[in-house]
Amino acid sequence: MHGDLALQLVTAAHRSTLASAPQLPIPKYALQLILSICLETRQLGVTIAAATEQHGVSLSQDRGLVCALTVQHLAARRNKRCMLAYLANRIGGIKERWWDAGGALSFVLSQETGDPDAPDLRSALSPQELDFLRSYNSMVLDYKSDFLDVLDIAASIDKPPGELMADVRVIKDAGEVILEGGERVEFRKGERFRLERAQVERLITQGYLEEV
């Protein structure tokens, strides 16, 4: 039945609720399902065009045919709306993950998805979605570069800092990091540090450090 594939696509997007629940994994891009819906939509368009060309001006006199073509036209439009909703939902989830990671593109792409077919976010996205994420990253970086010395808009504001210094513990090896003052710090799992919050906030966001 027309629209069943589109309904399946929207149902999958609704279950993942990407835009409103970024903690849920982004499923692998449904390429085959998208292609099947596009094929169905093109076939509907061909059927409508052929019937219109065949009957010409007499088409309006055949109410049964007009009704059938109207249903097919609405089915094609519904397919398009469902695909747009699916893509918009995924884009919302992708942007949420970028902001949750503090704008660290490499960290976002290496995040686990929980899907064995797509072990990281890079594998779950389509080539077009990857291009969007890279362009979005570049756009925000260009925008914030003019006032980065005053404010980092990618930093989390959920919990305003209570003090300038933060006691942190390394929960995942981060290697050697050069801080803003030029100091080199080797972050090894299990070690503790007391550093300026602004210097380590991004590492906390990315899951390398935790406050203690």
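Here are some exercises on the predicted model above, each with a worked solution.

**Exercise 1. Get your bearings**

Work out how many helices and strands the protein has, and in what pattern they follow one another.

*Solution.* Start with the tally: the secondary structure comes to 7 helices and 7 strands. Next, walk along the sequence, and you'll read off α-α-α-α-β-β-α-α-β-β-β-β-α-β. Now for burial: the protein has 212 residues, and 33% of them count as buried. Finally, take the contacts between residues at least 6 apart in sequence; 65% of these join residues at least 24 apart.

**Exercise 2. Check two helices against their expected spans**

Compare the end-to-end C-alpha distance of H3 with what 1.5 Å a residue predicts, then do likewise for H6.

*Solution.* Take H3 to begin with. Its 38 residues should span 56 Å, and the end C-alpha atoms sit 55 Å apart, so the two agree. Beyond the helix, look at Gly102, which follows H3 and has a positive phi, near 70 degrees.

Then turn to H6. This helix has 18 residues and reaches 26 Å from its first C-alpha to its last, close to the expected 26 Å.

**Exercise 3. Find the buried side of H6**

Which residues of H6 are buried, and how wide an arc do they cover around the axis?

*Solution.* List the buried residues: Glu129, Leu130, Leu133, Tyr136, Asn137, Val140 and Lys144. Around the axis they cover an arc of only 125 degrees, so they lie on the same side of H6. It helps to recall that an α-helix has 3.6 residues a turn, so residues three or four places apart point the same way. To finish, check the face turned away from that buried side: there you'll find the exposed residues Pro127, Gln128 and Asp142.

**Exercise 4. Place a buried glutamate**

Glu129 belongs to helix H6. Which side chain does Glu129 meet in a polar contact?

*Solution.* First, the burial: Glu129 has a relative accessible area of 4%, under the 20% cut-off, so it is buried. Second, the partner: a polar contact of 2.6 Å joins the side chains of Glu129 and Arg90. Third, the surroundings: setting aside neighbours within four places in sequence, Glu129 is in contact with Tyr29, Arg90, Ile94 and Ala124.

**Exercise 5. Take apart the aromatic pairs**

How many aromatic pairs are there, and which rings link up with Trp98 into a cluster?

*Solution.* The count comes to 5 aromatic pairs. One of them is Trp98 with Trp99, at 4.8 Å centre to centre and 85 degrees between the planes, which makes it edge-to-face. Burial splits these two: Trp98 is buried at 0% relative accessible area, whereas Trp99 is partly exposed at 32%.

Now move to Trp98 and Tyr136. Their ring centres are 5.7 Å apart and their planes stand at 85 degrees, so this pair is edge-to-face. It links distant parts of the chain, with Trp98 in H3 (residues 63–100) and Tyr136 in H6 (residues 127–144), 38 residues apart. Both Trp98 and Tyr136 are buried. Put the ring pairs together and you get a cluster of Trp98, Trp99, Phe132 and Tyr136.

**Exercise 6. Follow Thr41**

Is Thr41 buried or exposed, and which residues does Thr41 touch beyond four places in sequence?

*Solution.* Locate the residue first: Thr41 is in helix H2 (residues 31–55). Its relative accessible area is 11%, so Thr41 counts as buried. Leaving out residues up to four places away in sequence, Thr41 touches Ala76, Asn79 and Lys80. With Asn79 there's a side-chain to side-chain polar contact of 3.2 Å. For a C-alpha check, try Thr41 and Arg77: 36 residues apart in sequence, 8.2 Å apart in space.

**Exercise 7. Look for disulfides**

How many disulfides does a search of the whole structure find?

*Solution.* The search turns up 0 disulfides. As for the cysteines, take two of them in turn. Cys38 has 25% relative accessibility, so it counts as partly exposed. Cys67, at 47%, is also partly exposed.

Conventions: Residues numbered from 1 in each chain as written. Predicted model: local features only at pLDDT ≥ 70, side-chain atom pairs only at ≥ 80, totals over all residues. Heavy atoms only, no water. Disulfide = S-S within 2.5 Å. Buried < 20%, exposed > 50% of the residue type's maximum accessible area, 1.4 Å probe, protein only. Phe/Tyr/Trp six-rings, centres within 6.5 Å; stacked < 30°, edge-to-face > 60°. Helix = DSSP H or I, 4+ residues; strand = E, 2+ residues; numbered from the N terminus. Expected span 1.5 Å × (residues − 1). Arc of directions from axis to C-beta. Contact = heavy atoms within 4.5 Å. Polar contact = N/O pair within 3.5 Å; in protein donor to acceptor, adjacent residues only side chain to side chain.
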